[in-house]
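Let's take a walk through this structure together, stopping at a few places along the way. Keep the viewer open and follow each stop as we come to it.

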Amino acid sequence: MLGTDAVAAEVYKDGRQIVNNINQTVNYAHDLKKHYKRLTDIAEKLSARKEDIVAEANKYKTKQFTRECQVWMSTVTKREEDVQELKTKYEKVQGEKGILRFLHHHLRADLSKSMAEKCDELQNLLLEAKFEREMMVEKSPERVRIMHAPKIEDKPSLHCVVEDILSLLRDGNVKKIGLWGMVGIGKTTIMQNLNDNEDIARMFDIVIWVRVSQDWSVEKLQHVIIDRLKLNTEGITNVDEVAWRIYMELECKRYLLLLDEVWDILDLKKIGIYGNQKDSKVVLATRYHQICHKMDALIIMKRMSEVDAWKMFKEIVGQNINISGVEPIAKLVVRECAGLPLLIDRVATTFKFKDNVHLWRDGLIRLRRWRSIKVQGMDEFIECLKFCYEDLDAENKKICFLYTALYPEDYDIYIDYLLECWKAEGFIHDADDFKVARGKGHTILDELIKVSLLERSKKMNHVSMNKVLRNMALKISSQSEDFKILVKTQEELQEPPNEKEWQQVNRISLMDSKLCILPELPDCNNLKTLLLQKNNDLKVIPHRFFRCMQNLVVLDLHGTGIAALPSSVSCLTCLRALYLNSCINIMGLNYLEELKHLEVLDIRRTGINHLPIQIGYLIQLKCLRMSFSNFGPETRDVEFHQNVFSNLSLLEELRIDVDPNNGSWEGVVKSITEEVATLKCLTSLSIVFPDVDCLKSFISTSPFWKETHFTFHFSVGYHGSSSFHIQDCFEYQIRKCFKLANGEGVHPAISEVLANSETFELIGHKGASRLSDFGIGNINKMRGCLIEGCDDIETIIDGDSERRSALENLEKMYINNVPKLESIWEGPVHSGSLAKLTSLTLMKCPKLKKIFCYGVIKELCRLQHLRIEGSLEIEEIITKFENNEFEPKVLPKLKTLELYDLPKLESICTDDSLEWPALENIKISMCQSLTRLPFNCENGVDLRCIECQQLWWSALVWNEDTIEQRLRSICIFN
């Protein structure tokens with residue numbers, strides 16, 4: 001009985017469930033329309049809430065959704081998709097009619113139920129939209145903030161600087177890079193291009209660009225970096241604490257810090273920049289050289305080329321450049337800008353609105369006269385430049401800068417000559433001795449260069465001043481009371497200055513013009529410097545011309561056509577520097593004996609054929625340069641005035657040039673060198689000894705030539721040129737030079753001088769088969785070596801001769817026309833040999849077959865430039881190493897490789913395993929047997945240019961086409 005009741009209860013329960021389900025299904029089906037409306041209402045509200053949140057977010061470009069909000073937004077998006085799906089189903093069932101609608105009754109119920117459940121979900125999402133915390137937070141700092149830098153890819157003058165810096169950024173040993181250049185030269189453009197560079201964006205986690213203003217402080221720099229990193233330092237005022245926060249934030253990032261317009265030396269650690277293990281880098285741009293002292297690498301910016309300057313100017317001016325007659329004027333306008341991008345931008349922006357040729361012509365005239373009238377663009381730029389001048393810490397430095405404006409724009413001024421003028425003018429203080437004066441003068445010059453007021457010329461030991469800086473200097477001098485300058489260029493000088501102009505100024509430059517006449521008696525008692533050099537048409541100076549120039553201290557007449565000095569030259573009692581060199585018509589030095597204060601006299605390449613007695617009266621003379629081109633024993637005056645040199649007890653510097661085609665020098669050299677050897681103040685001597693015996697006589701009697709401070713240029717034997725070519729390869733001044741021409745064997749006197757020499761030129765020598773025959777110890781001080789026309793030389797160094805390193809300090813080597821040379825090195829190569837060699841040139845060595853063996857190449861860790869030309873038997877540059885493998889990291893600094901006229905050259909090296917990490921430029925011509933280049937897809941990453949013939953390139957064999965495609969893109973075919 002109990003069992004039956006239980007069964008009945010279960011049946012009743014199941015029945016009730018069925019009835020309830022049927023009722024629920026009926027209810028859901030009945031409420032479909034109601035649930036649909038509720039669903040669409042809630043979905044609409046949810047979508048509106050989502051849109052409101054997105055709209056609010058769009059107001060804050062620097063913010064992003066919190067993670068919570070991002071999850072909510074993602075969920076809403078999915079639910080919106082669900083709602084759309086339910087809507088589609090609803091529209092389908094609502095479209096059904098008759099029996100079909102009845103049969104699908106359960107489908108309507110299910111749809112209604114799904115809608116009811118979805119409504120609950122959406123309602124919950126609406127409630128969740130009331131976020132407990134802020135729904136927006138600050139975005140993480142962007143990897144790069146694009147600055148939309150000016151495009152420079154088509155301007156090599158600027159683009160190559162970016163490429164140089166990119167190369168250094170890839171170098172793991174370089175952490176800090178300095179970019180140095182004058183105001184307006186394009187440093188900011190370079191820094192902006194670095195900031196926007198795509199390669200850099202891939203290299204670093206974050207790029208931070210900071211403009212360091214003139215009124216910078218640690219706090220200001222920290223503030224900029226904090227903003228960039230989006231650090232919260234609210235309430236923190238201690239700079240050390242802020243620095244620690246910056247350091248901690250950057251510790252795990254690979255960052256690039258770009259510091260533009262740096263005005264002073266920065267202690268990066270005080271800011272919070274310590275460096276890390278992530279290969280982070282700093283690039284710093286400044287107009288002040290000393291700020292770059294602690295950088296690992298320095299990039300020096302040069303002015304834009306004429307081609308790039310013209311291209312930039314045209315881009316800014318636009319269509320008006322095409323107006324008829326404008327282009328020739330526009331090119332003259334660009335010249336006035338001196339290759340300075342900032343000035344080009346300012347001037348071009350002004351000229352772009354000039355819509356006819358007359359306005360352009362007037363604009364050019366005004367631009368050239370800006371010193372006396374206001375010119376838009378130029379004046380603002382000059383104010384930037386003027387700060388560098390006003391910031392100089394001594395008045396004499398400012399005067400030295402202004403003095404340099406006496407020379408034409410971009411004129412190569414010989415440094416020693418300029419320093420002599422500065423000393424004569426009294427600009428170099430507390431320096432009676434010439435050597436001291438030159439040292440102090442170099443310090444001043446170096447500072448003017450480092451603050452970008454002067455530039456080093458391409459010509460060694462010369463400086464120049466660009467057009468814009470020169471115009472600024474002339475404008476400053478025109479406003480000065482005691483430094484008035486009159487400068488007239490070839491275009492401006494139609495006739496000599498008028499009487500008033502002679503009276504008003506302190507310094508006059510009429511050099512290198514068409515000047516042919518001078519006034520009879522100019523009134524110019526205040527004149528200190530008069531530069532008349534290179535006026536070939538000036539044949540006569542009036543007799544009374546110098547009578548009112550008692551205060552003149554510098555007189556330059558070199559390269560004029562004068563035949564004699566006027567009698568009034570004796571009135572120049574204050575004169576300290578007189579230049580008559582290259583006055584080929586002048587035959588004597590009459591009236592010079594009155595110049596008791598003269599310190600510098602240059603009479604090289606004149607028509608004087610005797611030793612003037614007047615020189616012996618110049619008892620204050622400290623620097624004498626002269627030629628013995630026509631002197632000889634038949635000239636009575638030479639013998640008669642034998643004691644001229646011994647009278648010059650204060651003489652410090654003596655240079656005597658000798659014509660190699662005139663052997664008469666041999667008759668007087670002994671007596672002259674005997675006198676010169678007794679000069680106790682002598683610190684510099686340039687002289688030619690006819691033979692080794694004459695050299696031996698001098699070095700045995702002169703007690704000073706070996707002293708460290710002594711500078712010498714000794715030539716033994718005659719050669720076609722008296723100049724020292726190898727020293728022109730150096731970027732710094734070489735003080736001890738030795739040339740041996742057409743000699744024979746190895747003499748002890750030669751070895752003695754060689755042991756004290758910095759450069760050695762061996763020309764046409766016989767009786768020595770190796771350079772090391774002169775003694776490895778004697779050649780180890782050499783920084784530069786030239787070997788030319790030596791028929792007996794077979795190798796440079798014999799490593800077996802002495803068990804020690806050789807040529808330890810050699811930086812430059814030039815070997816030309818050595819017919820028997822078979823190798824650079826024979827025997828063992830001791831560690832340290834050639835360790836400082838940076839440049840090697842080999843020309844016309846017909847027996848030379850191989851250049852580098854393993855022992856030599858592993859020592860060449862500093863070699864940057866290699867040139868090989870006209871050596872017909874050379875088969876390979878780098879010989880296979882002893883273990884038959886290449887060490888991939890050899891020649892780590894090689895930048896330039898030049899190969900010319902090498903018909904048997906088959907390989908640079910026999911495989912492509914070398915990394916060539918620094919190689920930038922390759923030049924190859926007439927090397928028809930060279931069919932492969934030693935490159936693969938991974939090495940030579942810094943290669944920028946391959947100059948070669950297209951026919952030769954087309955015949956090359958490649959392991960992969962991708963290598964050829966990569967390298968072809970940098971080819972220049974000639």
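In this predicted model, E826 is partly exposed, with a relative accessible area of 39%. That label applies because the value falls between the cut-offs of 20% for buried and 50% for exposed. You will find E826 in strand 26, which covers residues 823-826. E826 also belongs to a surface patch of negative charge, where E794, D800, E822 and E826 gather.

There is a patch of positive charge to look at as well. On the surface, K836, R862, K893 and K895 gather to form it. Take K893 as your way in: this lysine sits in the loop that links strand 30 (876-878) with strand 31 (896-900). With 44% relative accessibility, K893 counts as partly exposed.

Strand 31 leads us on to its neighbour, strand 29 (residues 865-869). The two strands run parallel and are joined by five bridges. If you want one pair to click on, try I868, whose bridge partner in strand 31 is L899. Strand 29 also pairs with strand 27 (residues 839-843), in the parallel sense and over five bridges. Here S839 stands opposite H865 of strand 29.

Now turn strand 29 and compare its two faces. L866 and I868 make up the covered face, while H865, R867 and E869 make up the uncovered one. Why does such a pattern skip along the sequence? In a regular strand, side chains alternate between the two faces of the sheet.

Let's move to another stretch of the chain, around strand 5 (residues 255-262). Is this strand enclosed or not? Seven of its eight residues are buried, so strand 5 is largely enclosed by the rest of the structure. Strand 5 runs parallel to strand 4 (residues 206-211), and six bridges join them. One place to look is V210, which stands opposite L259 in strand 5. Strand 5 also pairs in the parallel sense with strand 6 (residues 281-286), over five bridges. There, L256 stands opposite K281 of strand 6.

From Y255 we can jump to D412. These two residues are 157 apart in sequence, and their C-alpha atoms are 43 Å apart in space. D412 lies in the loop between helix 17 (395-404) and strand 8. Its relative accessibility is 36%, so D412 counts as partly exposed.

Strand 8 brings us to an open sheet of three strands. Their order is 8-10-9, and the pairing is antiparallel. Strand 8 (413-414) and strand 9 (455-456) stand at the edges with a single partner strand each, so one side of each has no neighbour in the sheet. Two bridges join strand 8 to strand 10 (residues 462-464), and these two strands run antiparallel. In strand 10, H462 is the bridge partner of Y414.

Our last stop is helix 18 (residues 415-425). Eleven of its eleven residues are buried, so helix 18 is largely enclosed by the rest of the structure. Among the buried residues are the nonpolar side chains of I415, L418 and W422, and the list also includes D416, E420, K423 and E425. Just after helix 18 comes G426, which takes a positive phi of about 85°.

Key. Residues numbered from 1 in each chain as written. Predicted model: local features only at pLDDT ≥ 70, side-chain atom pairs only at ≥ 80, totals over all residues. Heavy atoms only, no water. Patch = residues over 30% accessible without salt bridge, like charges linked within 9 Å, V, L, I, M, F, W, Y side chains within 5 Å. Areas by Shrake-Rupley, 256 points an atom, 1.4 Å probe, with all protein chains shown as cover. Salt bridge = Lys/Arg side-chain N within 4 Å of Asp/Glu carboxyl O. Lys, Arg positive; Asp, Glu negative; His and termini not counted. Charge placed at Lys NZ, Arg CZ, Asp CG, Glu CD. Helix = DSSP H or I, 4+ residues; strand = E, 2+ residues; numbered from the N terminus. Buried < 20%, exposed > 50% of the residue type's maximum accessible area, 1.4 Å probe, protein only. Pairing = 2+ DSSP bridges.
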